[in-house]
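Today I sat down with a new model and a list of things to look up. Here are my notes, in the order I made them.

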Amino acid sequence: MTSPIKLGGVHHAAYRCKDAKTTVEWYERMLGMTYTTAFAEDHVPSTGEYDPYMHVFLDAGNGNILAFFELPNQPDMGRDENTPQWVQHLAFKVGSYDELVQAKAHLEANGIDVLGPTHHGIFKSIYFFDPNGHRVELACDIGTDEQYAELKRVAPLMLEEWSRTKKAPRHADWLHTAANE
């Protein structure tokens, strides 16, 4: 059965931060985001529980909003130690490979360790960490319409095979060949 829900996009994605002010300033300075909104409450509106927070919102472009919660009464924030650091990340799009290279230079000039560019066949990326320990990726698309169509075609086949075997399907091995060219 098809869902009757029709989504209009992502309203916002929210993460925890260590310090709201530091986080806002970092995303403005490093990634050019615009700080747009803040909510601060002593009680959580959805549950009514007492848990003071600052909730800040940053515009990541094209109507995409990234939000953070500072929670001073909660234990220090950590990360899921059972998940490798490279798995959970925030990925943002840049317009071209030249912009990706410029972004890397900007970040490194500001003392940030940057990994990459890494070639993924249909896009290239750089990786780094924000002041809260969240991994951030900047990516530029480089694939062709034909490549994206082929990936869409094999996606259900790959998911089905993965579900049965828990081994990497080989339907898109050509991505690795493209990445090494």
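**Entry 1: ground rules.** Before placing any residue in a strand, I noted that helices (H or I, at least four residues) and strands (E, at least two) are DSSP runs, numbered from the N terminus. With that settled, I looked up His 55 and found it in strand β3. I also wrote at the top of the page that this is a predicted model.

**Entry 2: the whole chain.** I counted four helices and eight strands. Reading from the N terminus, I get the order β-α-β-β-β-β-α-β-β-β-α-α. Along the principal axes, the C-alpha atoms fill a box of roughly 50 × 50 × 35 Å. The chain has 181 residues, and 30% of them count as buried. I then took the contacts between residues at least 6 apart in sequence: 48% of these join residues at least 24 apart.

**Entry 3: back to His 55.** Is His 55 buried or exposed? I find a relative accessibility of 6%, so His 55 counts as buried. Its side chain reaches the backbone oxygen of Phe 68 at 3.2 Å. Not counting residues up to four places away in sequence, I list His 12, Ala 14, Thr 37, Ala 38, Phe 39, Ala 67, Phe 68 and Phe 69 as the residues that His 55 touches.

**Entry 4: Ala 67.** That list sent me on to Ala 67, which is found in strand β4. Ala 67 has 0% relative accessibility and therefore counts as buried. Beyond four places in sequence, I see Ala 67 touching His 12, Ala 13, Ala 14, Tyr 15, His 55, Val 56 and Phe 57. I also took one distance: the C-alpha atoms of Ala 67 and Cys 140 are separated by 23 Å, with their positions 73 residues apart along the chain.

**Entry 5: cysteines.** How many disulfides does the structure hold? I find zero. I still checked two cysteines for burial. Cys 17 counts as buried because its relative accessibility is 2%, and Cys 140 counts as buried at 0%.

**Entry 6: the largest nonpolar core.** I find 24 residues in the largest nonpolar core, and Tyr 27, Leu 107, Ile 126, Phe 128 and Leu 138 have the most contacts inside it. Which elements give two or more residues to this core? My list is α1 (20-31), β3 (50-59), β4 (65-70), β5 (89-93), α2 (97-109), β7 (123-129) and β8 (135-141). The largest share, five residues, comes from α1.

**Entry 7: α1.** I went to this helix next. α1 has twelve residues and reaches 16 Å from its first C-alpha to its last, close to the 16 Å expected at 1.5 Å a residue. Its buried residues are Ala 20, Thr 23, Val 24, Trp 26, Tyr 27 and Met 30. Looking down the axis of α1, I see these buried residues fall within an arc of 165°, so they line one face of the helix. At the start of α1, a side-chain oxygen of Asp 19 comes to within 3.2 Å of the backbone nitrogen of Lys 21. Just after α1, I noted a positive phi of about 70° at Gly 32.

**Entry 8: α2.** I ran the length check here too. The 13 residues of α2 should span 18 Å at 1.5 Å a residue, and the end C-alpha atoms are 18 Å apart, which agrees. I list Leu 100, Ala 103, Lys 104 and Leu 107 as buried in α2. Down the axis of α2, the buried residues fall within an arc of 100°, so they line one face of the helix. On the other side of α2, I find Asp 98, Gln 102 and Ala 109 exposed. What do the buried residues of α2 pack against? They pack against α1, β6 (115-119), β7 and β8. Just after α2, Gly 111 takes a positive phi of about 80°.

**Entry 9: Lys 104.** A lysine among the buried residues of α2 made me look again. Lys 104 has a relative accessible area of 19%, and the cut-off for buried is under 20%, so Lys 104 counts as buried. A polar atom of the Lys 104 side chain lies 2.3 Å from the backbone oxygen of Gly 116. Leaving aside neighbours within four places in sequence, I find Lys 104 in contact with Val 114, Gly 116, Pro 117 and Ile 126.

**Entry 10: Ile 126.** I closed with this partner of Lys 104. Outside its neighbours within four places in sequence, the contacts of Ile 126 include Leu 100, Ala 103, Lys 104 and Leu 107, as well as Val 136, Glu 137 and Leu 138.

Methods
Residues numbered from 1 in each chain as written. Heavy atoms only, no water. Disulfide = S-S within 2.5 Å. Buried < 20%, exposed > 50% of the residue type's maximum accessible area, 1.4 Å probe, protein only. Core = buried A, V, L, I, M, F, W, Y, C linked by side-chain atoms within 4.5 Å. Contact = heavy atoms within 4.5 Å. Expected span 1.5 Å × (residues − 1). Arc of directions from axis to C-beta. Polar contact = N/O pair within 3.5 Å; in protein donor to acceptor, adjacent residues only side chain to side chain.
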